[in-house]
Each structure stands twice: as structure tokens, then as C-alpha cells.
Amino acid sequence: MAKILNEIHNILLPLVCFGCNAHLSRGESVLCTVCRHEVPLTDYNFGDENPVDRIFYGRIPINKAASFMFFQKNGIVKNILHHLKYKNQEQIGGFLGEWYGSIVQHESSLKDVDTVVPVPLHVKKQKKRGYNQVALFAEKIAASINAKYRDDILVRRINTKTQTKKDRQLRWENTKDVFQLTPKAQDSIKHVLLVDDVITTGATLEACAQTLSKMGPIKISVLSMAVVP
């Protein structure tokens, strides 16, 4: 239903930029040209050590970590992710995935990634929203690095409340038992790229990685749409 309403909305009203709300010109999609140039991109790539890598030091063995954009309290990134998560604008995830996928597709540390896994939503939350906001982003990344997209090996068994204002310890306590593997996790997987929307303390990704590590000796890398500086 959410997708149908979104399509009707796009037909009846002119498309606008999700960054600044200006009308989009022909050839523009999701963001106007001005906003696209003003998106605060990180240089946290899959080559050099970066601050996203250091978030997980001493917590869980992560092969490599990276993030696409900086998330700030006010600005373009907050606006577009708000529309992605709460305004039925699922296509934003695909737009960002294609953009970042074109950047990371030749990263040598991703060459052996065989599986891309999105951080799952609880079934009730996904049913209410209509989609997992990370899914399209992760699918586009998987396609860009020639890996399989898998949303059937990790599930969220507890529907947690938002953790935006919680510190690292509280986030970890709230997420450590949230995720579990499905029977399909027995498939032969060697290197997983775990994908989320925003990294704050890293507690959610840490909990996911801890669960995925139960599959055996696999490598786990981490990627997010945005990171809080």
C-alpha cells in the first residue's frame, strides 16, 4: 500500500529534491545538482585505516569498515535518510547504492566478498514501513561488486525501540541478543559485507557481526550509508 500511495503522489505532484525541497529539473533524480555536490562525503574507504575501522577495535574482528556520507543533526544527509525511512521514499536507497557502488566497485579489499547482508528489521517494523530501508542500497552495492545479496540468513528476533540517544553500553545491552541466524546460514560463505544505514556507536553492527561469526571462520566487513562524525 505504501508503494502504491508513493506512486500516486509522484504522479499528482512534481518531483522535488529530498535535500532542499526544490523542484527537480529534467535529468535529476532524488537530489538536485546543487545538493548532490554539497553532500558531505567521507573519505573513509576500504583501503586506508579510517575512523570507522577504529569504532570496532577491541570489540569484534572486522576485516574492513567504511561509510559513504557524514550524518549531521541538520543537513542534506539527515533530510534524505528521513525521507528514506519515514516518508515511503524507498528509491533513495537505490540511488545512494548506485552512487556509492560506482565508487567502491574496484576496491581490492572487496574482491573476495561473496555475500552482502543488510541489517534486518523486525518483521513487524518492516511490515509497517513496507520495506527495509537498507535493502535497495545493499542490493546495488552487491551488484556493483558481483556479490550475492542475501536477506535470508540473518533475522531480528526482538523489536527494539529507537536507540538514538543511548550511549554505547546501553546500545550494546539492547542489541546483543537481538539477532539470530536462519537455517540458510549454513550455506558456504567466506566473506560477508554487512550493510547498515547510520553508524553511531556501532553497537547494532557489532551485534550482527557477533551473530554472523557463529557461522564459522568467515571474514566480515562493514559498510554504512552514513556515519556520525
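**Exercise 1.** In this predicted model, determine what covers the buried residues of α5.

*Solution.* The cover of the buried residues of α5 includes α2 (33-38), β1 (65-70), α4 (76-86), α7 and β7 (219-227). The residues being covered are Ile92, Gly93, Gly94, Phe95, Leu96, Gly97, Trp99, Tyr100, Gly101 and Val104. Because 10 of the 14 residues of α5 are buried, the helix is largely enclosed by the rest of the structure. As to its length, α5 (residues 91-104) reaches 20 Å from its first C-alpha to its last, close to the 20 Å expected at 1.5 Å a residue.

**Exercise 2.** Establish how many disulfides the structure holds, and examine cysteine 32 and cysteine 35.

*Solution.* A disulfide requires two cysteine sulfur atoms within 2.5 Å. The structure holds 0 disulfides. For cysteine 32, the nearest cysteine sulfur belongs to cysteine 35 and is 3.7 Å away. For cysteine 35, the nearest cysteine sulfur is that of cysteine 17, 3.7 Å away. The next step concerns accessibility, where buried means under 20%. Cysteine 32 has 9% relative accessibility and therefore counts as buried; cysteine 35, at 4%, also counts as buried.

**Exercise 3.** Describe the second largest pocket by its space, its lining residues and the elements that contribute to the lining.

*Solution.* The second largest pocket contains about 230 Å³ of space. It is lined by 14 residues, of which Leu121, Gln126, Asn132, Tyr149 and Asp151 are the closest to its centre. Two or more lining residues come from each of α6 (123-129), α7 (135-144) and β4 (154-156). By class, the lining comprises 9 nonpolar, 2 polar and 3 charged residues.

Terms used
Residues are numbered from 1 along each chain as its sequence is written. This is a predicted model: local features need pLDDT of at least 70, side-chain atom pairs count only at pLDDT 80 or more; totals for chains, interfaces and linings use all residues. Side-chain values use heavy atoms; hydrogens and water are left out. On a 1 Å grid over the protein atoms alone, a cavity is a set of points where a 1.4 Å probe fits but cannot get out, and a pocket is an open set with protein on both sides within 12 Å along at least five of seven lines; lining residues have an atom within 4 Å of a point. Grid points are joined across faces, edges and corners, and a volume is the space filled by probe spheres set on the points. Helices (H or I, at least four residues) and strands (E, at least two) are DSSP runs, numbered from the N terminus. Ala, Val, Leu, Ile, Met, Phe, Trp, Tyr, Cys and Pro count as nonpolar, Asp, Glu, Lys and Arg as charged, and the others, Gly among them, as polar. The expected span of a helix is 1.5 Å times one less than its number of residues. Buried means under 20% relative accessible area, exposed over 50%, partly exposed in between (1.4 Å probe, protein chains only). Contact means heavy atoms within 4.5 Å.
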